[in-house]
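Open the model in your viewer and keep the selection tool at hand. We will walk through it one stop at a time.

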Amino acid sequence: VELFWKEELQGELTPATLQVLTLVAYLGSPTREEISYVRGVQSSQSIRTLTVRGLIERQGEVCALTLDALKHLGIVKVEDLPEYASIHASLREKLDARSM
């Protein structure tokens, strides 16, 4: 069990997990379903990894960045991310289009 937890908490994040972290940051409180929709694949494992590492928190199905994640990224608020407004709008547009 100890080996499992060490592996879970240490090492670099996988590209898939970094992708999920990016989506949580730019979407600003997406659901697990929205993350999986944008990625085109099931994302539960990456969400779990980010939660265990304390980079995102979950309220039911909704995910949000933690203060620790912001510190690791070297920002105070998500709006400080590069091209935040345009990327956020583009991702929201993609999600809005799916319900049409």
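Before the first selection, one cut-off to carry along: a residue counts as buried under 20% relative accessible area, as exposed over 50%, and as partly exposed in between. Remember too that this is a predicted model.

**The whole chain**

Start with a cartoon view of the protein chain. What secondary structure does the protein chain have? You should find six helices and two strands. Follow the cartoon along the sequence and the pattern reads α-α-α-α-β-β-α-α. Now colour by accessibility: of the 100 residues in the protein chain, 34% are buried. If you turn on contacts and keep those with a separation of 6 or more, 60% of them come from residues 24 or more positions apart.

**Stop one: H2 against H4**

Select helix H2, residues 15–27, together with helix H4, residues 44–52. Their axes lie 9 Å apart and the helices pack at an angle of about 75 degrees, which makes H2 roughly perpendicular to H4. To see who meets whom, show side chains: Ala16, Thr17, Val20 and Leu21 are there from H2, and they meet Ser46, Ile47, Thr49 and Leu50 from H4.

**Stop two: H2 against H6**

Keep H2 and swap H4 for helix H6, residues 84–98. At what angle do the axes of H2 and H6 cross? They cross at roughly 100 degrees and come within 9 Å, so H2 and H6 are roughly perpendicular to each other. On the H2 side, the contact is made by Leu23, Ala25, Tyr26 and Leu27. On the H6 side, look for Tyr84, Ile87, His88, Leu91, Arg92 and Leu95.

Two of these residues deserve a closer look, so hide the rest and keep the tyrosines. The structure holds one aromatic pair, and you are looking at it: tyrosine 26 and tyrosine 84 are stacked, with 5.9 Å from centre to centre and 20 degrees between the planes. Tyrosine 26 sits in H2 and tyrosine 84 in H6, so to speak two distant parts of the chain, linked across 58 residues. Are these tyrosines buried or exposed? Both tyrosine 26 and tyrosine 84 are buried.

**Stop three: the charges between H3 and H6**

Stay with H6 and add helix H3, residues 32–39. A general point first: side chains of opposite charge can pair when their charged atoms come close. The structure has six salt bridges in total, and here we visit some of them.

Select arginine 98 and glutamate 33. They form a salt bridge whose closest N and O atoms are 3.2 Å apart. Because arginine 98 lies in H6 and glutamate 33 in H3, the pair ties together parts that are 65 residues apart in sequence. Glutamate 33 has 52% relative accessibility, so it counts as exposed, whereas arginine 98 is partly exposed at 32%.

Next, select arginine 92 and glutamate 34. Their side chains meet in a salt bridge at 3.7 Å, N to O. This pair also links distant parts of the chain, with arginine 92 in H6 and glutamate 34 in H3, 58 residues apart. Arginine 92 is partly exposed, with a relative accessible area of 22%; glutamate 34, at 12%, is buried.

Now display glutamate 34 with arginine 98: here is another salt bridge, its closest N and O atoms 3.9 Å apart. These two residues, in H3 and H6, are 64 residues apart. Which residues do the shared partners join into one network? Glu33, Glu34, Arg92 and Arg98.

Before leaving arginine 98, add tyrosine 37 to the view. The charged end of arginine 98 sits over the ring of tyrosine 37, 5.2 Å from the ring centre.

**Stop four: two loop residues**

Finish with the backbone. Select serine 29, in the loop between H2 and H3. Its phi is near 90 degrees, a positive value in a residue other than glycine. Serine 29 is partly exposed, with a relative accessible area of 36%.

Then go to glutamate 83, in the loop between helix H5 (67–73) and H6. Here phi is near 50 degrees, again positive in a residue other than glycine. With 60% relative accessibility, glutamate 83 counts as exposed.

How values were computed
Residues numbered from 1 in each chain as written. Predicted model: local features only at pLDDT ≥ 70, side-chain atom pairs only at ≥ 80, totals over all residues. Heavy atoms only, no water. Phe/Tyr/Trp six-rings, centres within 6.5 Å; stacked < 30°, edge-to-face > 60°. Helix = DSSP H or I, 4+ residues; strand = E, 2+ residues; numbered from the N terminus. Buried < 20%, exposed > 50% of the residue type's maximum accessible area, 1.4 Å probe, protein only. Lys NZ or Arg CZ within 6 Å of the ring centre and 35° of its normal. Salt bridge = Lys/Arg side-chain N within 4 Å of Asp/Glu carboxyl O. Axes fitted to C-alpha atoms, helices over the stretch in contact; angles between N-to-C directions. Parallel < 35°, antiparallel > 145°, perpendicular 65-115°, else oblique. Contact = heavy atoms within 4.5 Å.
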